[in-house]
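This report walks through one protein chain, moving from a single side-chain pair outward to the chain as a whole. Please keep the sequence and the model in view while reading.

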Amino acid sequence: MSKTAAIIGGGVIGGGWLARFLLNGWDVRLHDPDPEAERKVGAVLAGARRALPMLYDRALPPEGRLTLCGSVAEAVAGADWVQESVPERLDLKHRVLAEITAHAPRNAVIGSSTSGFTPSQLQEGLSRPGAVLVAHPFNPVYLLPLVELVPSAATRPEVLDTAKATLTGLGMFPLHVRAEIDAHIADRLLEAVWREALWLVKDGIATTGEIDEAIRMGFGLRWAQMGLFETYRIAGGEAGMKHFMAQFGPALKWPWTKLMDVPEFTDDLVELIAGQSDAQSGHMGIRELERLRDDNLVAMLRALRQRDAAAGALLNAHEAAMAQPLADTVPLITVRRTVPVDWTDYNGHMNEGRYGQVFSDAADAVMAHVGADAAYIAGGNSYFTVETSVKYLFETHAGEAIEVATRVTTGAGKKLGMSHEMRRAADGALLATCTQFLLHVSLETRKSCPPQPEVLARVEALAAAHREA
Ligand SMILES: NC(=O)C1=CN([C@@H]2O[C@H](COP(=O)(O)OP(=O)(O)OC[C@H]3O[C@@H](n4cnc5c(N)ncnc54)[C@H](O)[C@@H]3O)[C@@H](O)[C@H]2O)C=CC1
Ligand SMILES: C[N+](C)(C)CC(=O)CC(=O)[O-]
């Protein structure tokens with residue numbers, strides 16, 4: 001049975017949570033009194049529907065059902081997870097959390113997206129504080145994995161455990177913040193950079209554009225893959241962190257930061273920053289910027305997936321957990337996926353080489369289906385493709401869902417023949433066909449040889465079934 005999330009507040013962050021849950025197969029019930037909420041959430045969801053499936057090499061589970069609710073009580077009824085994402089005002093959060101805790105099921109996890117309040121502050125005056133913890137996400141919630149989980153002493157331990165397991169199941173990275181502090185861990189760091197950046201603009205040292213270049217051309221690239229401490233360890237050379245600290249330790253006493261001081265928050269400061277930001281990026285709408293950000297994030301995360309590093313390793317594990325055995329249909333549906341943005345070439349469509357990749361994935365699925373899986377290959381046997389012929393019939397583009405239907409045409413001795421049809425899932429348009437011929441090989445001799453009897457039996461049975469159908 002599918003699970004249900006209640007999203008209370010459907011702005012930038014609530015909309016992102018809603019998309020993350022829905023696209024992972026959860027039903028979602030939204031409450032937001034803003035008459036524009038449905039439209040706003042729809043825009044976030046459209047972006048997520050395009051971006052999130054591109055991260056994976058297999059289809060996500062069927063999308064859950066979205067219901068708009070007129071009250072908090074209606075939204076949280078029957079929910080397994082309630083996520084409060086109303087504006088960052090403690091009085092409002094208290095009012096909303098009191099309503100949530102009064103009506104939510106006793107075993108529901110109640111997370112707050114707060115950027116800065118501690119769970120103890122949020123729990124003040126609640127009749128059932130034990131279900132509440134901070135679950136602080138990062139924008140865009142449907143793509144970035146990090147969620148800071150901050151329980152208080154009053155949070156029931158099983159709530160934290162359930163929260164960790166649930167978020168992992170959604171492809172997210174729950175970071176248990178062990179102490180309650182204002183702004184948790186990540187926002188402490190972000191706030192430090194933000195304050196320094198405001199000073200640099202206010203003092204006329206740099207523009208908003210120059211500061212963004214300073215980040216994205218340099219340390220921003222390093223942080224996504226190794227963070228701060230590992231990066232600086234390398235910067236210490238062969239002597240590592242000790243040398244790094246010896247060299248840069250004295251700088252702690254030099255005027256390298258203004259953090260002991262904060263810029264005064266005035267209308268002039270707002271005008272200065274907003275004016276420069278408009279000059280820098282005002283030629284693009286917010287939805288256009290979001291799409292640019294999402295496409296770049298997808299491409300970067302997919303690169304990290306290939307390296308099985310940082311957030312890429314997390315996504316690989318999430319994809320492996322979603323794997324389902326192939327259904328024994330005729331034809332076999334060997335590939336179900338979305339065309340990712342990094343497969344687009346200079347002609348603005350999926351590059352021809354990627355058609356080959358898709359058909360190669362289809363053949364791998366057949367191999368696993370007949371028992372020539374990772375364990376079989378580790379045992380020294382495999383199949384090599386010796387002939388492929390592809391007909392390119394139609395273009396396909398980033399964000400489109402595609403499927404491959406495969407028939408086994410030959411299954412005799414060391415020979416395995418297949419024919420594939422690649423179709424666009426939305427309208428069934430035939431995009432390409434492929435015939436493939438594989439030979440069974442010994443990985444030791446690198447020469448062809450008969451398969452192990454159990455694999456041969458499955459190959460023969462499959463070919464017979466596909467011939468008859
Ligand atoms: N915007 C960001 O970058 C991040 C924000 N957060 C946190 O997420 C929370 C929400 O922030 P945003 O989404 O940015 O704000 P937002 O202003 O975009 O959205 C807040 C939504 O809450 C709705 N709302 C107001 N009162 C409500 C009520 N009584 N019941 C239900 N809905 C109500 C509003 O209509 C609005 O749609 C805040 O606690 C914020 O600190 C966390 C991570 C990042
Ligand atoms: C600016 N902010 C404090 C709302 C930022 C966050 O809380 C996290 C994010 O997504 O940057």
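## A polar pair at Q123

In this predicted model, the side chains of Q123 and S152 are joined by a polar contact of 2.5 Å. Q123 belongs to helix 5, which comprises residues 119–123, and with a relative accessibility of 7% the residue counts as buried, because that value falls under the 20% limit used for burial.

S152 is one of several partners of this residue: leaving out residues up to four places away in sequence, Q123 touches P129, V132, S152, A154 and T155.

## The annotated binding site

An unreviewed UniProt entry carries the annotation "binding site" for G9, G10, G11, V12, I13 and G14. Among these annotated residues, G10 sits in the loop that runs between strand 1 (4–8) and helix 1 (12–23), whereas I13 lies in helix 1 itself.

Are G10 and I13 buried or exposed? G10 has a relative accessible area of 3% and is therefore buried, while I13, at 24% relative accessibility, counts as partly exposed. Their surroundings can be listed in turn: apart from neighbours within four places in sequence, G10 is in contact with G15, L30, D32 and V41, and I13, with residues up to four places away likewise left out, touches S85, S113, P137, N139 and V141.

## The annotated domain

The unreviewed UniProt entry also gives a domain annotation, "3-hydroxyacyl-CoA dehydrogenase NAD binding", which covers residues 5–178. In the model this span is 37% helix and 20% strand, and the C-alpha atoms at its two ends lie 25 Å apart.

## Helix 8 against helix 11

Two packed helices are described by the angle between their axes and by the distance between those axes. For helix 8 (residues 208–226) and helix 11 (residues 267–281), the axes come within 8 Å and cross at roughly 65 degrees, which means that helix 8 is roughly perpendicular to helix 11.

Helix 8 contributes T208, G209, D212 and R216 to this contact, and helix 11 contributes I273, Q276, S277 and Q280. By residue class, the contact of helix 8 with helix 11 is made up of 1 nonpolar, 5 polar and 2 charged residues.

## The loop at G371

Further along the chain, G371 is found in the loop between helix 14 (352–369) and helix 15 (374–378). With a relative accessible area of 25%, G371 is partly exposed, because the partly exposed class lies between the 20% and 50% limits.

Which residues does G371 touch, not counting those up to four places away in sequence? They are Y376, V455 and R458. For R458, the C-alpha to C-alpha separation from G371 is 7.7 Å in space, although the two residues are 87 residues apart in sequence.

## The chain as a whole

The secondary structure of the protein chain amounts to 16 helices and 13 strands, and its C-alpha trace spans about 75 × 55 × 45 Å along the principal axes. Of its 469 residues, 42% count as buried, with Q123 and G10 as two examples discussed above.

When contacts in the protein chain between residues at least 6 apart in sequence are considered, 70% of them join residues at least 24 apart. The contact between G371 and R458, with 87 residues separating them in sequence, illustrates such a pairing.

Definitions and conventions: Residues are numbered from 1 along each chain as its sequence is written. Chains are lettered from A and ligands numbered from 1 in the order in which they are written. This is a predicted model: local features need pLDDT of at least 70, side-chain atom pairs count only at pLDDT 80 or more; totals for chains, interfaces and linings use all residues. Side-chain values use heavy atoms; hydrogens and water are left out. UniProt positions are given in the numbering used here, feature names are shortened, and annotations may be inferred rather than shown by experiment. Helices (H or I, at least four residues) and strands (E, at least two) are DSSP runs, numbered from the N terminus. Buried means under 20% relative accessible area, exposed over 50%, partly exposed in between (1.4 Å probe, protein chains only). Contact means heavy atoms within 4.5 Å. Axes are lines fitted to C-alpha atoms, for helices over the stretch in contact, and angles run from 0 to 180 degrees between N-to-C directions. Angles under 35 degrees count as roughly parallel, over 145 as roughly antiparallel, 65 to 115 as roughly perpendicular and the rest as oblique. Ala, Val, Leu, Ile, Met, Phe, Trp, Tyr, Cys and Pro count as nonpolar, Asp, Glu, Lys and Arg as charged, and the others, Gly among them, as polar. A polar contact is a pair of N or O atoms within 3.5 Å; within protein, one must be able to donate a hydrogen and the other to accept it, and residues adjacent in sequence count only if both atoms are side-chain atoms.
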